[in-house]
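This report covers a single residue environment, the strand arrangement and a surface patch. The sequence and coordinates come first.

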Amino acid sequence: MTDTIFGKITRGEIPSEFLYEDEQCVVIRDIQPQAPTHVLIIPRKPIPRLVDAEADDAALLGHLMLVAGRVARDLGVGEGFRLVVNNGEGGGQTVFHLHLHILAGRTMEEGELARGVN
Ligand code: AMP
């Protein structure tokens with residue numbers, strides 16, 4: 001499997017500020033924020049895309065969602081945020097190590113979802 005920048009970040013090989021971390025995932029600020037609050041929840045396990053996740057990953061995927069809610073609350077955006085997973089090139093994914101985007105701090109327009117975050 002090809003390594004990615006997120007593999008290096010989760011392993012600590014590229015110094016990054018973790019807003020949150022545990023044994024299963026880390027949370028960093030996006031380097032090119034698309035909203036005033038834009039953070040990434042990245043599992044330590046390098047699943048390339050959401051469609052590559054398997055039944056064994058169910059608990060991990062659930063954990064990432066719970067972390068997203070907790071981090072959003074801790075960042076003060078718990079009352080309004082968008083959670084995005086881009087899947088594959090057609091879905092706008094650029095880093096092939098599964099991750100969740102939390103976007104908040106600006107009005108999320110209806111219909112904007114189709115345009116994605118990039
Ligand atoms: P996606 O397009 O869903 O694959 O999202 C990849 C995201 O990772 C983009 O929003 C990038 O701005 C972000 N990104 C890429 N490299 C880094 C990095 N070194 N640190 C933080 N965010 C990054």
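## Setting of H97

H97 sits in the loop that runs between β4 and β5 (100–104). The model is a predicted one, and the statements here describe that prediction.

H97 counts as buried because its relative accessibility is 1%, below the 20% limit used for that class. The H97 side chain reaches the backbone oxygen of P43 at 2.8 Å. With neighbours within four places in sequence set aside, H97 is in contact with T4, F6, G7 and T10, and also with I42, P43, R44, K45, P46, I47 and P48. P43 thus appears both as the residue whose backbone oxygen the H97 side chain reaches and in the contact list of H97.

## Sheet

Five strands form an open sheet in the order β1-β2-β3-β5-β4, and the pairing is antiparallel. β1 (20–21) and β4 are the edge strands; each has a single partner strand, so one side of each lacks a neighbour in the sheet.

Strand β2 (residues 25–29) pairs with strand β3 (residues 37–43) in the antiparallel sense, over five bridges. V27 has I41 in β3 as its bridge partner. P43, whose backbone oxygen is reached by the side chain of H97, falls within the residue range 37–43 of β3.

## Nonpolar patch

M65, F81 and L83 make a nonpolar surface patch of about 250 Å². L83 belongs to strand β4 (residues 82–84), one of the edge strands. The relative accessible area of L83 is 31%, so L83 is classed as partly exposed; that value is over the 30% required of patch residues.

How values were computed. Residues are numbered from 1 along each chain as its sequence is written. This is a predicted model: local features need pLDDT of at least 70, side-chain atom pairs count only at pLDDT 80 or more; totals for chains, interfaces and linings use all residues. Side-chain values use heavy atoms; hydrogens and water are left out. Patches are made of residues with over 30% relative accessible area and no salt bridge: like charges are joined within 9 Å, nonpolar side chains (Val, Leu, Ile, Met, Phe, Trp, Tyr) within 5 Å. Accessible areas come from the Shrake-Rupley method with a 1.4 Å probe; for residues, only the protein chains shown count as cover. A salt bridge is a side-chain nitrogen of Lys or Arg within 4 Å of a carboxyl oxygen of Asp or Glu. Helices (H or I, at least four residues) and strands (E, at least two) are DSSP runs, numbered from the N terminus. Buried means under 20% relative accessible area, exposed over 50%, partly exposed in between (1.4 Å probe, protein chains only). A polar contact is a pair of N or O atoms within 3.5 Å; within protein, one must be able to donate a hydrogen and the other to accept it, and residues adjacent in sequence count only if both atoms are side-chain atoms. Contact means heavy atoms within 4.5 Å. Two strands pair if DSSP finds at least two bridges between them.
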